[in-house]
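Hi everyone, thanks for making time today. I'd like to walk you through one structure, so please bring it up on your screens and follow along with me.

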Amino acid sequence: MQRLAAALIAAMGAVLSWTASACDVELPTGPPPCTRAAVDGLPLNAIQAIGTHNSYKLAMPADELAAHQRVDAAGADGLDYAHPPLTQQLNLGLRTLELDVHRDPQGGHYLAPPGAHRRGFATSPWSPDELARMRAPGFKVMHLSDIDFRSSCVSLMQRLQQVRDWSKAHPWHAPIMISVNAKDSPGGPGAAPALRFDAMSFEALDAEIRRVFGDAQLFQPTQLRGRYRSLREAVRDHGWPTLGRLRGKVFLVLDETPAKRRLYRSRRAAPAMFVAADRIEDDTAIAILNDPIAQRDDIAAALEAGLLVRTRADADTREARAADTRRREAAFASGAQFVSTDYPRPDPRWPLYRVEFPEGGYLRCHPVHPACNPIPEH
């Protein structure tokens with residue numbers, strides 16, 4: 001009996017500790033004291049989160065970057081950034097990620113990138129494990145198939161599994177948004193031509209997403225739409241689900257051209273991914289508007305319509321090199337719920353630039369949403 005009582009006391013202590021962690025770590029809201037009930041009652045659009053752009057990207061080797069700089073100095077500068085593995089980013093507190101996905105149904109299509117040298121490689125640029133993944137059929141994750149192709153994990157399936165496993169190990173987490181670019185740009189001279197996405201390949205992509213996450217872990221458009229005719233009508237009349245309902249969930253967002261958006265929707269009554277747009281559309285609940293200065297009014301209109309918005313705090317390393325925070329501050333002030341950056345931690349070469357909230361961290365109650373208390377200035 002004493003052992004049972006001790007076990008119950010220990011369990012209660014663990015629950016209380018877990019609750020405080022979920023509140024304090026996942027959503028620091030400031031006074032009044034943070035409570036689990038108050039936080040879990042917030043709708044999804046009442047949070048603001050920071051995450052990474054091209055979240056998979058590894059640094060280009062110095063010799064390849066120098067070779068590319070001789071060909072295209074500005075373009076090379078824009079590629080000169082990198083991110084740690086996804087699990088490290090999630091541990092840091094980042095809650096929005098971005099993946100560039102390439103089709104490779106037979107496997108091995110992108111095995112021989114020419115690189116910035118335009119002469120190929122004397123030895124394979126892939127580690128043995130990554131080489132095996134490159135040879136296997138399945139979607140690949142990389143930025144560019146010819147120059148900037150190094151990824152912390154080239155297999156989309158494995159990358160999604162990393163997020164799934166981290167999520168299951170941290171079931172208290174705020175929902176994670178993963179934006180997906182379906183890449184089929186032609187690439188430079190000597191590169192294998194990217195395989196175009198068609199309706200069948202989008203079906204295969206949806207199937208892969210569902211195989212990894214399953215319906216219990218994946219927040220999907222049909223769950224938001226419910227009985228409404230469109231997603232826009234659902235968010236206007238019913239609003240977004242609460243954080244309490246979405247803890248431990250992941251949702252994916254296709255970020256693509258109008259033609260690819262139409263193609264993705266064409267054969268899908270129940271898509272696995274939300275479809276983002278750069279304007280308000282009936283079947284769009286998420287807008288991706290990457291320039292918070294030039295698109296300030298568009299962001300405001302999307303928020304007024306009830307959409308979630310993702311924007312970017314920096315691009316192409318320009319802000320970091322110049323320690324220019326204007327775009328970052330515009331992103332925070334815009335009201336966009338998701339802010340993407342290449343610098344959640346400063347680059348040692350440009351230590352004055354980083355992107356985190358003024359009160360610290362990467363997740364907060366939205367500073368202007370009526371459901372939230374104002375964030376105190378520090």
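Before we look at any loop, a word on naming: helices (H or I, at least four residues) and strands (E, at least two) are DSSP runs, numbered from the N terminus. A loop between two of those elements can then be named by its neighbours, and that is how I'll place Asp-316: in the loop between β8 (308–312) and α14 (318–322). Please also keep in mind that this is a predicted model.

Let's stay with that loop for a moment. For background, most residues other than glycine have a negative phi. Asp-316 is not a glycine, and yet its phi is positive, about 60°. Right after it comes Thr-317, also in the loop between β8 and α14, with a positive phi of about 70° although it is not a glycine either. Are these two residues buried or exposed? Asp-316 has 39% relative accessibility, so it counts as partly exposed. Thr-317 is at 2%, so it is buried.

Now to the sheet. In what order do the strands of the open sheet run? There are 10 strands, in the order β3-β2-β4-β5-β6-β7-β8-β9-β1-β10, and the pairing is mixed. At the edges sit β3 and β10 (363–365), each of which pairs on one side only.

Have a look at β2, residues 96–102, if you would. Seven of its seven residues are buried, so the strand is largely enclosed by the rest of the structure. As a general point, side chains in a regular strand alternate between the two faces of the sheet. In β2, Thr-96, Glu-98, Asp-100 and His-102 point one way, while Leu-97, Leu-99 and Val-101 point the other way, and all of them are buried. 

What lies on either side of β2? One partner is strand β4 (residues 176–183), which runs parallel to β2 and is joined to it by seven bridges. There, Leu-99 stands opposite Val-180. The pairing with strand β3 (residues 140–141) is antiparallel, over two bridges, and here His-102 faces Lys-140.

Further along the sheet, strand β6 (residues 274–277) and strand β7 (residues 286–288) pair in the parallel sense, again over two bridges. Ala-276 has Ile-286 in β7 as its bridge partner.

Helices lie against this sheet too. Helix α7 (residues 156–169) lies across β2, β3, β4 and β5, and runs at about 160° to β2. Helix α15 (residues 326–334) packs on the sheet as well, touching β1 (47–52), β8, β9 and β10, with its direction at about 175° to that of β8.

On to the aromatics. How many aromatic pairs does a search of the whole structure find? It finds 10. Let me show you two of them. In the pair of Phe-202 and Tyr-264, the ring centres are 5.3 Å apart and the planes meet at 80°, so this one is edge-to-face. Phe-202 lies in helix α8 (residues 199–217) and Tyr-264 in helix α12 (residues 258–265), so the pair ties together parts that are 62 residues apart in sequence. Phe-202 is buried, at 0% relative accessible area, and Tyr-264, also at 0%, counts as buried.

My second example is Phe-251 with Phe-338: 6.2 Å centre to centre, 70° between the planes, edge-to-face. Phe-251 belongs to strand β5 (residues 250–254) and Phe-338 to strand β9 (residues 338–341), so this pair ties together parts that are 87 residues apart in sequence. Both Phe-251 and Phe-338 are buried.

Coming back to Phe-202 and Tyr-264, ring pairs link these two with Phe-139 and Phe-197 into a cluster.

Some rings have a charge for company. The charged end of Lys-57 sits over the ring of Tyr-81, 4.8 Å from its centre. Likewise, the charged end of Arg-227 is over the ring of Tyr-228, 4.6 Å from the ring centre.

One last stop: Glu-26, in helix α1 (residues 2–26). With 3% relative accessibility, Glu-26 counts as buried, because the cut-off for buried is under 20%. Its C-alpha atom is 9.8 Å from that of Cys-365, although Glu-26 and Cys-365 are 339 residues apart along the chain.

That's my tour. Thanks for listening!

Conventions
Residues are numbered from 1 along each chain as its sequence is written. Side-chain values use heavy atoms; hydrogens and water are left out. Rings of Phe, Tyr and Trp (its six-membered ring) pair if their centres lie within 6.5 Å; planes under 30 degrees apart count as stacked, over 60 as edge-to-face and the rest as tilted. Buried means under 20% relative accessible area, exposed over 50%, partly exposed in between (1.4 Å probe, protein chains only). A charge sits over a ring if NZ of Lys or CZ of Arg is within 6 Å of the ring centre and within 35 degrees of the ring normal. Two strands pair if DSSP finds at least two bridges between them. Contact means heavy atoms within 4.5 Å. Axes are lines fitted to C-alpha atoms, for helices over the stretch in contact, and angles run from 0 to 180 degrees between N-to-C directions.
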